[in-house]
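Here's a quick tour of one protein fold, meant to be read with the viewer open. Grab a coffee, load the model and follow along.

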Amino acid sequence: MRDLRSLWNLLVLLLAIGTMLGCGALQADAHAAQGSANLQAHNPVVDFGRVVVGNRVQAFEYISNPTSSSITITRATVSGDDFQIVSPTFPITLQPGQGARLVVAFTPDAPGRPSATILISSNAPQSSMTVPVWGRAIAAGKLVVSPASISFGDVQVGKSQSKAATFRNAGATSVTISQVTTSASDFSVAGPSLPITLQPNQGLNFSVVFAPRAGGTRSGNVSAQATASLVAPVSSFDRDEQHAVHEVQGTRKKETAAILVAGVGSSDTTLGQLTATPTSFSFGSLQVGSTQSKSLVITNTGGASVTVTQATATG
């Protein structure tokens with residue numbers, strides 16, 4: 001009798017444990033069912049990576065319906081002026097297991113790191129879903145020149161004088177200089193062969209030469225025609241099948257830069273005229289911390305004395 005009672009108590013205990021485990025499993029299944037009753041985004045964030053100001057790129061976010069019932073997406077909006085929802089047209093109904101591509105455009109108008117939030121509204125149990133979106137806007141290549149103006153003063157007719165200038169790429173993408181022209185025949189440019197491409201922060205040294213053909217004041221400008229790339233040099237964006245970026249605007253834009261130049265042609269041979277020999281130096285490669293010197297001869301080739309008040313080096 002005592003053995004039967006012990007056996008009965010053991011059976012009751014086993015039944016209680018089984019009931020508890022069964023209830024826990026049912027609750028877990030219920031939670032799992034509840035968690036999958038909503039829309040799902042393929043990418044936790046839409047990251048455009050680096051995009052050049054003046055360009056427009058598109059990204060694709062994949063929205064799927066993992067439930068056993070159809071879900072209707074009523075609308076999708078995005079905050080922030082730099083981002084726009086391109087497609088699809090809403091409302092749209094997703095059947096069980098079906099998905100749709102949400103196309104988002106990024107058109108930055110200034111350098112920076114803009115961000116926004118995509119809000120997707122539907123008739124799912126969780127009626128709204130959000131997806132962060134951001135990108136890094138960088139400036140396109142920009143051609144600048146220094147100095148802004150050059151004055152040659154008096155130069156004897158039949159002789160010439162040159163002064164140094166520099167074109168520099170002050171933007172974040174490459175700039176290709178295709179042509180450098182002068183507006184007056186008394187001025188010319190000496191420098192490397194064109195076209196030439198300048199990377200960000202890279203400079204190009206050249207010389208402006210004034211060789212007056214007749215007496216009198218001469219003026220004009222030296223201008224460069226170039227194009228800047230609208231394609232970011234490096235992108236951190238993940239270009240996979242459902243989350244890819246496509247350039248949808250032009251890949252280059254026009255750039256120009258100009259120097260104002262002026263000089264006076266003098267037919268008076270009694271004026272003083274300085275010339276330098278040599279006209280340029282090349283020091284080659286030097287070890288950091290070491291020095292090297294070279295001689296420069298300044299000669300007065302004119303017919304009057306010249307007082308040298310100052311000598312400076314640039315660069």
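In which sense do β11 and strand β19 (residues 252-266) pair, and over how many bridges? They pair in the parallel sense, over six bridges. Keep in mind that this is a predicted model. The notes below go through two sheets, one pocket, one cavity and a few local backbone details.

**The sheet with β11 and β19**

- β11 and β19 belong to an open sheet of five strands, with the order β11-β19-β17-β13-β15 and mixed pairing.
- At the edges sit β11 and β15 (196-198), each of which pairs on one side only.
- From one strand to the next, the twist in this sheet averages 30°.
- For a residue-level handle on the β11 and β19 pairing, look at S149, which stands opposite L260 in β19.

**The sheet with β2, β8 and β9**

- Another open sheet of five strands runs in the order β2-β9-β8-β4-β6, and its pairing is mixed too.
- Its edge strands are β2 and β6 (92-94), and each has a pairing partner on one side only.
- Here the twist averages 30° from one strand to the next.
- Strand β2 (residues 46-52) and strand β9 (residues 128-138) run parallel and are joined by five bridges.
- Within that pairing, V52 has I138 in β9 as its bridge partner.
- Strand β8 (residues 115-122) runs antiparallel to β9, with seven bridges between them.
- A hairpin takes the chain from β8 to β9 through five residues.
- Two bridge partners in β9 are worth clicking on: V133 for A116, and P132 for T117.
- As a reminder, strands of a sheet pair through backbone hydrogen bonds, either parallel or antiparallel.

**The largest pocket**

- If you're after open space, the largest pocket holds about 1,900 Å³.
- Its lining is made up of 35 residues, and S162, K163, A164, A276 and T312 lie nearest the centre.
- The elements giving two or more residues to that lining are β11 (149-156), β12 (161-169), β16 (203-210) and β20 (274-277).
- Which element gives the most to the lining of the largest pocket? That's β12, with six residues.
- Sorted by class, the pocket lining has 15 nonpolar, 18 polar and two charged residues.
- So β11 shows up twice in this briefing: as an edge strand of its sheet, and as one of the elements lining the largest pocket.

**The cavity**

- How many cavities of 30 Å³ or more does a search of the whole structure find? The search turns up one.
- The volume of the largest cavity is about 40 Å³.
- Lining the largest cavity are I63, I73, P88, F90, I92, A100, L102 and I120.
- By class, that makes eight nonpolar residues, with no polar and no charged ones.
- In general, rolling a probe the size of a water molecule over the atoms shows where empty space is left.

**Backbone details to check**

- The peptide bond from S146 to P147 is cis, and its omega is near -5°.
- P147 sits in the loop between β10 (143-146) and β11.
- There's a cis peptide bond from L194 to P195 as well, with omega near 0°.
- You'll find P195 in the loop between β14 (187-190) and β15.
- N201 has a positive phi, near 70°, and is a residue other than glycine.
- Its place is the loop between β15 and β16.
- Is N201 buried or exposed? With a relative accessibility of 59%, N201 counts as exposed, because the cut-off for that label is over 50%.

**A172 and its contacts**

- A172 is in the loop between β12 and β13 (175-182).
- Its relative accessible area is 28%, so A172 counts as partly exposed.
- Leaving out residues up to four places away in sequence, A172 touches I138, A139, A140, G141, P200 and P233.
- One of those contacts, I138, is also the bridge partner of V52.
- A172 and L230 are 58 residues apart along the chain, and their C-alpha atoms are separated by 9.6 Å.

Technical notes. Residues numbered from 1 in each chain as written. Predicted model: local features only at pLDDT ≥ 70, side-chain atom pairs only at ≥ 80, totals over all residues. Heavy atoms only, no water. 1 Å grid on protein atoms, 1.4 Å probe; cavity = no way out; pocket = protein on both sides within 12 Å on 5 of 7 lines; lining within 4 Å. Points joined across faces, edges and corners; volume = space filled by probe spheres on them. Helix = DSSP H or I, 4+ residues; strand = E, 2+ residues; numbered from the N terminus. Nonpolar A, V, L, I, M, F, W, Y, C, P; charged D, E, K, R; others polar. Pairing = 2+ DSSP bridges. Axes fitted to C-alpha atoms, helices over the stretch in contact; angles between N-to-C directions. Buried < 20%, exposed > 50% of the residue type's maximum accessible area, 1.4 Å probe, protein only. Contact = heavy atoms within 4.5 Å.
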